[in-house]
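Here is my note on the model you sent over. I have set it out as numbered points, so you can follow along in your viewer.

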Amino acid sequence: MTDRLYYTDARLTSFRATVREARDGGRRVYLDRTAFYPSSGGQPSDRGVVAGIPVLDVIDEGEEIAHVLAERLNAREADCCIDWPRRFDHMQQHTGQHLLSAVFHERFGAATLSFHLGEQVSTIELAMPNLSVEQIASAEAAANEIIFENRPVRVTFEHAGEAAGLRKASQRGGTLRVVSIEGIDRSACGGTHVSSAGEIGPVLVRGIEKIRGNVRVEFVCGGRAIRRARADYATLTRAARVFSSAVDDVPDLASAQQAKLMESEKQRRKLAGECALRRGRDLYAGGERLHVAPVAAIDEQTTQEALGFSGNSGAIYIAVCENPPSILLAAAPDSGLHAGNTLKRLLSELGGKGGGSATMARGSVPSASALATVTERLRATAMRTGASPHTAAR
């Protein structure tokens, strides 16, 4: 059984241990005691060195803890050292999670269903369907107020039957390791934690998303929060330079610019449609009555060109797109061709699908060869109505 030193001293960074066993060619090592925290409870494992060899992973195997090393270890005794910046960062995030979860539970009755400590951000999933901006701000402010008060964070070992007031009831029996933040939270937890709330540093909620009928909250604490706030400010500063404005004016200026772009896009699409409509009319004015056009996409402009052409007496317009294999058929009311019925029949014969009205129809087929067949059959059908053939080059 491995003696877990991190249970009683999260600040222990250096220790000496006996190598009890080595597997996988000496790269999977079991020590008689360790301060390395294994991945568990949403918290990633520690890093560091064992006898100068980098630790790649630390795995909880129940009674034992495995240390996966970058190289073979050939020693009976080993001096070990924890990567303290990584450890302290995890301590800040994990204790910050306890505090934030406790605040959400106290204020809104929201239980924490899961916790994940990532490389950049951490998340908790709350058992509540929605979370407003006001609720986020309220919880964030309350958590930071407790941090400013620098309340003690204590670790105790209590019998499961006597551990009262836990935020979440433990399913384990025997002795529980209980982490308490004075006046706000008591939770059974085996992770590493700071010794006072002030060490958590600032708590910053970064965003929320709905998941499985619950809400996932993304947050950062301590050094991460400071770095993230600095990065956010740098981003806003760059945006302000683009607008030649103060940072505080960026949101309003961005909104105004977005409105202008939306209006410009609306006008662009309108003009593009009018041009396409005109192209279709010009094709008919040039003497064509049947126009077959290969197109990159059957989009709004293709449709408008088809309308411009087929809006004239006896006209039939066919647009063919190779990727994905699809086709559009437009026919003048007096062309003698019902676009919807004609295209639907041909498509169904070749495993495709589609349809439409008497004057406009579209559909798709499963392959390029099927598309070529539909196109030729449509061309032949159109020619039987008396339309003169022409294929456009695009």
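The points below go through the barrel, a buried arginine, a second sheet with its helix, and a helix pair.

1. A word on the source before anything else: this is a predicted model. Please read each point below with that in mind.

2. Let me begin with the barrel. Six strands close up in the order β2-β3-β7-β6-β5-β8, and their pairing is antiparallel. On average, neighbouring strands here are turned by 45 degrees against each other, direction ignored.

3. One pairing within the barrel is worth a look in your viewer. Strand β2, covering residues 14–23, is joined by four bridges to strand β3, covering residues 28–31, and the two run antiparallel. If you want a residue pair to centre on, Glu21 has Tyr30 of β3 opposite.

4. Next comes Arg87, a member of helix α1, which spans residues 84–108. Is Arg87 buried or exposed? With a relative accessible area of 0%, Arg87 counts as buried because the cut-off for that label is under 20%. Leaving aside residues up to four places away in sequence, its contacts are Tyr6, Ala10, Leu12, Ala35, Phe36, Tyr37, Asp46, Ile82 and Thr192. Asp46 may catch your eye as a charged residue in that list.

5. The second sheet is an open one. Its five strands follow the order β16-β17-β18-β20-β19, with mixed pairing. At the edges are β16 (290–295) and β19 (353–356), each of which pairs on one side only. Neighbouring strands in this sheet are turned by 10 degrees on average, again with direction ignored.

6. Inside that sheet, β18 (residues 326–331) and β20 (residues 360–364) run antiparallel and are held together by five bridges. Ala330 has Met360 of β20 opposite. As background, the strands of a sheet pair through backbone hydrogen bonds, in either a parallel or an antiparallel manner.

7. Helix α6 (residues 339–349) lies across β18, β19 and β20, and its direction makes an angle of about 15 degrees with β20. Which residues of α6 are buried? They are Ala339, Gly340, Thr342, Leu343, Leu346 and Leu347. Viewed down the axis of α6, these buried residues fall within an arc of 170 degrees, so they line one face of the helix. Their packing partners are β18, β19, β20 and α7 (368–384). After α6 comes Gly351, which has a positive phi, near 80 degrees.

8. Now to the helix pair. Helix α4 (residues 250–285) packs with helix α5 (residues 300–310) at an angle of about 35 degrees, and their axes are 7 Å apart. The crossing of α4 past α5 is right-handed.

9. What does α4 bring to this contact? Its residues there are Arg268, Arg269, Ala272, Gly273, Ala276, Leu277, Arg279, Gly280, Arg281, Leu283 and Tyr284. From α5 come Glu300, Gln301, Gln304, Glu305, Leu307, Gly308 and Phe309. Sorted by type, the residues of the contact are seven nonpolar, five polar and six charged.

10. Finally, one residue of α4 deserves its own line. Ala272, found in this helix, takes part in the contact with α5. Ala272 is buried, with a relative accessible area of 15%. From Ala272 to Asp334 the separation is 62 residues in sequence and 28 Å in space, C-alpha to C-alpha.

Definitions and conventions
Residues numbered from 1 in each chain as written. Predicted model: local features only at pLDDT ≥ 70, side-chain atom pairs only at ≥ 80, totals over all residues. Heavy atoms only, no water. Axes fitted to C-alpha atoms, helices over the stretch in contact; angles between N-to-C directions. Left-handed = near helix turned anticlockwise from the far one by under 90°. Contact = heavy atoms within 4.5 Å. Buried < 20%, exposed > 50% of the residue type's maximum accessible area, 1.4 Å probe, protein only. Pairing = 2+ DSSP bridges. Arc of directions from axis to C-beta.
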